Amino acid sequence: MSARGWMLWILLLVVASRVTTPPDFEGDQAKQASYVMDLLHGGDWALQYEVNGQVSSKPPLYNWIAATFCLAFGSTEPWVIKLPSLLSGLALVFVLHRIARRWFDAETAFWTALVALATYHFVKLT
């Protein structure tokens with residue numbers, strides 16, 4: 001199997017494991033989901049609130065994107081709320097692969113993307 005085929009299988013495995021595993025609503029993850037739910041049920045897209053009534057201290061771009069995905073899919077499942085994170089993580093791996101392929105070669109690009117997929121940052125991002 002070619003390097004491209006291996007990378008596709010690894011990406012599919014990462015996406016499948018991310019979509020099918022239980023959500024990790026520890027710490028700020030629960031806040032993120034509550035902001036999106038506030039957008040969907042509260043209706044105020046300019047100002048989001050935490051569950052305790054305090055105004056959100058985080059920038060709203062992620063919340064807007066996640067809420068748009070929820071509206072597009074007609075679902076508030078945790079995997080839909082976290083879909084922007086997954087897509088940004090995959091975009092990061094794609095960009096790293098392209099940079100490594102341009103500056104070095106295909107084999108280096110493959111290993112760069114594979115290492116990026118295995119890092120703690122990528123796991124937390126997605």
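**Reading a predicted helical chain**

Mentor: Leucine 47 is a good place to start, and we find this residue in the loop between helix 2 (28-42) and helix 3; please keep in mind throughout that the model in front of us is a predicted one.

Trainee: Does leucine 47 count as buried, partly exposed or exposed, and which relative accessibility goes with that word?

Mentor: The words rest on cut-offs, with buried meaning under 20% relative accessible area, exposed meaning over 50%, and partly exposed lying in between. Leucine 47 has 32% relative accessibility, so this residue counts as partly exposed.

Trainee: Which residues is leucine 47 in contact with, once its neighbours within four places in sequence are left aside?

Mentor: Leaving those neighbours out, leucine 47 is in contact with Asp38 and Val55. We can also look at a distance between C-alpha atoms, and here leucine 47 and proline 59, which are twelve residues apart in sequence, are 9.9 Å apart in space.

Trainee: Stepping back to the whole chain, how many helices and how many strands are there?

Mentor: The protein chain has seven helices and zero strands, and reading along the sequence therefore gives the pattern α-α-α-α-α-α-α.

Trainee: What share of the residues of the protein chain counts as buried?

Mentor: The protein chain has 126 residues, and 29% of them count as buried. Its surface can be described too, since the chain exposes about 8200 Å², with carbon and sulfur atoms supplying 67% of that area.

Trainee: What do the contacts say about residues that lie 24 or more positions apart?

Mentor: If we take the contacts in the protein chain with a separation of 6 or more, residues 24 or more positions apart account for 51% of them. For a single example of two residues distant in sequence, take alanine 3, which lies in helix 1 (residues 3-20): alanine 3 and phenylalanine 110 are 107 residues apart in sequence, while their C-alpha atoms are 6.6 Å apart in space. Alanine 3 is partly exposed, with a relative accessible area of 40%.

Trainee: Why does valine 36 count as buried?

Mentor: Valine 36, whose place is in helix 2, has a relative accessible area of 0%, and because buried means under 20%, this residue falls in that class. Not counting residues up to four places away in sequence, valine 36 touches Asn63, Ala66, Ala67, Cys70 and Ile81. From C-alpha to C-alpha, valine 36 and cysteine 70 are 8.8 Å apart, although 34 residues separate them in sequence.

Trainee: Asparagine 63 appears among those partners, so where does asparagine 63 lie, and what is it in contact with beyond its neighbours within four places in sequence?

Mentor: Asparagine 63 lies in helix 3 (residues 61-73) and, at 0% relative accessibility, counts as buried. Beyond those neighbours, asparagine 63 is in contact with Gln32, Tyr35, Val36, Leu39 and Gln48.

Trainee: Which residues form the nonpolar patch on the surface?

Mentor: Trp45, Leu61, Trp64, Ile65 and Leu71 form this patch, and together they have about 470 Å² of accessible area. One of them, isoleucine 65, has its place in helix 3 and counts as partly exposed at 35% relative accessibility. A residue must have over 30% relative accessible area to join a patch, and the 35% of isoleucine 65 is therefore enough on that point.

Trainee: Which residues gather in the patch of positive charge, and which helix contributes the largest share?

Mentor: Arg4, Arg98, Arg101 and Arg102 gather in that surface patch, and the largest share, three residues, comes from helix 5 (residues 83-103). Arginine 101 is found in helix 5, and with a relative accessible area of 40% this residue is partly exposed.

Definitions and conventions:
Residues numbered from 1 in each chain as written. Predicted model: local features only at pLDDT ≥ 70, side-chain atom pairs only at ≥ 80, totals over all residues. Heavy atoms only, no water. Patch = residues over 30% accessible without salt bridge, like charges linked within 9 Å, V, L, I, M, F, W, Y side chains within 5 Å. Areas by Shrake-Rupley, 256 points an atom, 1.4 Å probe, with all protein chains shown as cover. Salt bridge = Lys/Arg side-chain N within 4 Å of Asp/Glu carboxyl O. Lys, Arg positive; Asp, Glu negative; His and termini not counted. Charge placed at Lys NZ, Arg CZ, Asp CG, Glu CD. Buried < 20%, exposed > 50% of the residue type's maximum accessible area, 1.4 Å probe, protein only. Contact = heavy atoms within 4.5 Å.
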